[in-house]
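Reader: I would like a close look at one part of this model: its salt bridges. Take me through the partners and their surroundings, and keep it brisk.

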Amino acid sequence: MMEKTCVIIKPDGVCKKVSGDIIKKFDGEGLKLVAVRMIKPEKQVMENFYSVHKDREFFKPLVDFVCSAPVIVMVWEDENAVAKVRGIVGSTNSKEAADGTLRNIFGTDNRRNVVHASDSAENAQKEIAFFFKPEEIAQYDYNDWQ
């Protein structure tokens, strides 16, 4: 099933200058980039974005971290994009992430794990709508360029 998912390159990914490597990995796995933007998140915006975690002990440190430097917000499309991206990204804790996953290669720990990736198709839709208007998401077919 064709679906879209949201990926955010977190401040550690941007500041380590591995954003291009991360994007190249998704491209190389056949996903289609349909929206991208770099932002310097505001605290209130990210508190709303991560509100599902507001009662957890890691909420405030996570929000502070994500707001510490620019992030790159993207929408990727493919069949079963959420599961595919989650496989490429790896476990939340970089130290436990499988070899070859983005978090294993570039991450440091449970918070500084270089990327956020939607965990379900339902959440992907919400997260995408959080950052992009429908008209900001490209609708095109790569085959048109052949």
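Author: Start with a cut-off. A residue is called buried when its relative accessible area is under 20%, exposed when it is over 50%, and partly exposed in between. Keep in mind that the model is predicted.

How many salt bridges does the structure hold? The count is 7.

Take D78 and K84 to begin with. Their side chains meet in a salt bridge, with N and O 2.6 Å apart. Is D78 buried or exposed? Its relative accessibility is 14%. The limit for buried is under 20%, so D78 counts as buried. K84 has a relative accessible area of 28%. That value falls between the 20% and 50% limits, so K84 is partly exposed. One partner of this bridge is therefore buried, while the other is partly exposed.

N80 deserves a stop here. This residue sits in the loop between β3 and α5, the helix of residues 81-89. Its phi is positive, about 50 degrees, although N80 is not a glycine. Most residues other than glycine have a negative phi. N80 is partly exposed, at 39% relative accessible area.

Next comes E77. Its side chain forms a salt bridge with that of K32, at 3.2 Å from N to O. Where do the partners sit? E77 belongs to strand β3, residues 71-79, and K32 to strand β2, residues 32-39. The two are 45 residues apart, so this bridge links distant parts of the chain. Both E77 and K32 are buried. A further residue joins in: K4, K32 and E77 are linked in a network of salt bridges.

Now compare a local pair. K60 bridges to D64, and the closest N and O atoms are 2.8 Å apart. Why is this pair local? Both residues lie in helix α4, residues 59-66, and they are 4 residues apart, so about one helical turn separates them. K60 is partly exposed, at 49% relative accessibility. The cut-off for exposed is over 50%, so K60 stays in the partly exposed class. D64 is partly exposed as well, with a relative accessible area of 33%.

D64 also comes up against another stretch of the chain. Its C-alpha atom is 7.2 Å from that of K43, and the two residues are 21 apart along the chain.

Step back to the fold around these bridges. The chain has 7 helices and 4 strands. Along the sequence they run β-α-α-β-α-α-β-α-α-β-α. The radius of gyration is 15 Å, close to the 15 Å from the globule rule for 146 residues, so the chain is as compact as a globular protein of that length. Along the principal axes, the C-alpha atoms fill a box of roughly 50 × 35 × 25 Å. Of the 146 residues, 43% are buried. Take the contacts between residues at least 6 apart in sequence: 77% of them join residues at least 24 apart. With its 45-residue separation, the pair of E77 and K32 also spans distant parts of the chain.

Another backbone oddity belongs in the picture. V114 is not a glycine, yet its phi is positive, near 60 degrees. It lies in the loop between α6, residues 102-106, and β4. V114 counts as buried, at 0% relative accessibility. N80, by contrast, is partly exposed.

What about the largest pocket? Its volume is about 650 Å³. The lining has 22 residues, and Y50, H53, F58, L62 and H116 lie nearest the centre. Elements that give two or more residues are α3 (43-49), β4 (115-117) and α7 (121-131). The largest share, 4 residues, comes from α7. By class, the lining holds 7 nonpolar, 8 polar and 7 charged residues.

To recap the bridges: E77 and K32 pair up across distant parts of the chain, and both are buried. K60 and D64 sit about one helical turn apart in α4. D78 and K84 pair a buried residue with a partly exposed one.

Note on methods: Residues numbered from 1 in each chain as written. Predicted model: local features only at pLDDT ≥ 70, side-chain atom pairs only at ≥ 80, totals over all residues. Heavy atoms only, no water. 1 Å grid on protein atoms, 1.4 Å probe; cavity = no way out; pocket = protein on both sides within 12 Å on 5 of 7 lines; lining within 4 Å. Points joined across faces, edges and corners; volume = space filled by probe spheres on them. Nonpolar A, V, L, I, M, F, W, Y, C, P; charged D, E, K, R; others polar. Salt bridge = Lys/Arg side-chain N within 4 Å of Asp/Glu carboxyl O. Buried < 20%, exposed > 50% of the residue type's maximum accessible area, 1.4 Å probe, protein only. Rg over C-alpha atoms; globule rule 2.2 N^0.38 Å. Contact = heavy atoms within 4.5 Å.
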